[in-house]
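The exercises below concern one protein chain. Work through each task with the coordinates open, then compare with the solution.

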Amino acid sequence: MRLLFFSVFCALCCKSFSQDNQHATYIDVNYFKGNIALHNNDILHLIKGHPEGVIVGWNQKTFGFNEWEQRYNYPDYGVSFAYQNLKNRVLGNVVSAYAHYNFYFLKRHLMFRIGQGLAYTNNPYDKENNYRNNAFGTHVMSSTYVMLNYKKERVFNRLGLQGGLSLIHYSNANVKAPNTSINSITFNVGITYNLDDAILEYQYTLDKNDNIFKEPVKYNLAFRTGINESDVVGSGQFPFYVVSAYADKRINRKSAIQLGTDVFFSNFLKEYIYYKSVAFPEDNVSGNEDYKRVGVFAGHELFVNRTSLVTQLGYYVYYPFDFEGCAYLRIGLKRYFSKKWFGSLTLKSHGAKAEAVELGIGVRL
């Protein structure tokens, strides 16, 4: 359910930018082939052959009729759909859907795309029929992909060409174990087709002092929740709760820096502590250790219209039970419903090891 919310969240973010009809659209089709990256030795037995697939995208161009479009060099936004054959019967095949942005560099010949959405695998872990698949514990997962392409539009009439590299990531963020996840590093080649004959001109109406932006320090309160499970298969899914308080300071129209604290109430950790005390007496875990944690963090918020990208790096200052180390990372999206209230969807991890997908609500005072 949390993953479904994530897909809806992304779709709403894209829809919010499509109110102005002064745009042009195009589709692109990309074939990709590559390798599964060995990010964890536990998936070594799953790497066979060279996974391949196709990504089909619908894109809407922007031309600067809104100020945010000018600040980000007239990006595209849209939706994309992918099919991937992972070349292993144990892993099966994956279909996925995304909301994405395309950002441009080098006179708009270099395109960087980032997409976030949902994926469906036809062959997840099953203790009887597919016990070797320790990568996917559920049919439905979250998925992220990035694409870096050299692109040339209208090579022949409306047709264009592009090619480059793509990275595709599948994970259920420990909503249910197992969840070792899969990352594919691929080469891709594709074509583009413009759906409109007209070529609109790029607008530039920003004031020369647009980057000068002052705002007092703002104070934020946020509450996040969700469900997750430890890496012990079958240990059960439990709710978690996170209370955060932090200050942020806008340094320009695009960016703000943050400093704050988190308090974590992770019920899966309470169960895991009990499990360790019973199953591994040599680890000297009594079972009475506190499952709560307190962290401090520094972060950055990148504002794109009413949507923003949040990255935070934290460190536990209260950490009575050792679980995945003292440092943690949070990355995700915020959507401002008004000047004060926002919703968020974030991923919390310890390095490359995901702990939870957090659905949150907060206020910026």
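**Exercise 1: charges over rings**

Task: find the distance from the ring centre at which Lys-334 lies over the face of Phe-342.

Solution. Lys-334 sits over the face of Phe-342, and its distance from the ring centre is 3.9 Å. The model is a predicted one, and every value here is computed from it. A second case is Lys-276, placed over the face of Phe-280 at 4.9 Å from the ring centre. Both distances can be checked against the cut-off, which requires NZ of Lys to be within 6 Å of the ring centre.

**Exercise 2: aromatic pairs**

Task: classify the ring pair of Tyr-74 and Tyr-202, and state which parts of the chain the pair ties together.

Solution.

1. Searching the whole structure gives 19 aromatic pairs.
2. For Tyr-74 and Tyr-202 the ring centres are 4.7 Å apart and the planes meet at 45°, so this pair is tilted. The cut-offs behind this step are under 30 degrees for stacked and over 60 for edge-to-face, with the rest tilted.
3. Tyr-74 belongs to the loop between α2 (67–71) and β3 (76–85), and Tyr-202 to the loop between β8 (182–194) and β9 (218–228), so the pair ties together parts 128 residues apart in sequence.
4. Tyr-74 counts as buried at 11% relative accessibility, whereas Tyr-202 is partly exposed at 39%.

Task: repeat the analysis for Phe-268 and Phe-323. Is the pair stacked or edge-to-face?

Solution.

1. Phe-268 and Phe-323 are edge-to-face, with 5.4 Å from centre to centre and 65° between the planes.
2. This pair also links distant parts of the chain: Phe-268 is in helix α3 (residues 267–279), and Phe-323 is in the loop between β13 (307–318) and β14 (327–336), 55 residues apart.
3. Phe-268 is buried, with a relative accessible area of 2%; Phe-323 is buried as well, at 9%.
4. The two rings belong to one aromatic cluster, in which the other members are Tyr-272, Tyr-275, Phe-280 and Phe-321. Phe-280 is also the ring that Lys-276 lies over.

**Exercise 3: the barrel**

Task: in what order do the eight strands close into a barrel, and how do β6, β7 and β8 pair?

Solution.

1. The barrel closes in the order β1-β2-β3-β4-β5-β6-β7-β8, with antiparallel pairing. From one strand to the next, the twist averages 25°.
2. Strand β6 (residues 140–156) is joined to β7 by 12 bridges, and the two run antiparallel. Leu-148 has Leu-165 in β7 as its bridge partner.
3. β6 and β7 form a hairpin with two residues between them, and Asn-157 in the turn has a positive phi of about 55°.
4. Strand β7 (residues 159–171) pairs with β8 in the antiparallel sense over 12 bridges. In β8, Val-189 is the bridge partner of Gly-163, and Ile-185 is that of Leu-167.

**Exercise 4: the cavity**

Task: how many cavities of 30 Å³ or more are there, and which element gives the most to the lining of the largest?

Solution.

1. The search of the whole structure finds one cavity of 30 Å³ or more, and the largest cavity has a volume of about 30 Å³.
2. Its lining consists of Phe-240, Val-242, Phe-264, Ser-266, Lys-348, Glu-355, Ala-356 and Glu-358.
3. The elements giving two or more residues to this lining are β10 (238–250), β11 (255–266) and β16 (353–364).
4. β16 gives the most, with three residues.

Notes
Residues numbered from 1 in each chain as written. Predicted model: local features only at pLDDT ≥ 70, side-chain atom pairs only at ≥ 80, totals over all residues. Heavy atoms only, no water. Phe/Tyr/Trp six-rings, centres within 6.5 Å; stacked < 30°, edge-to-face > 60°. Helix = DSSP H or I, 4+ residues; strand = E, 2+ residues; numbered from the N terminus. Buried < 20%, exposed > 50% of the residue type's maximum accessible area, 1.4 Å probe, protein only. Lys NZ or Arg CZ within 6 Å of the ring centre and 35° of its normal. Pairing = 2+ DSSP bridges. Axes fitted to C-alpha atoms, helices over the stretch in contact; angles between N-to-C directions. 1 Å grid on protein atoms, 1.4 Å probe; cavity = no way out; pocket = protein on both sides within 12 Å on 5 of 7 lines; lining within 4 Å. Points joined across faces, edges and corners; volume = space filled by probe spheres on them.
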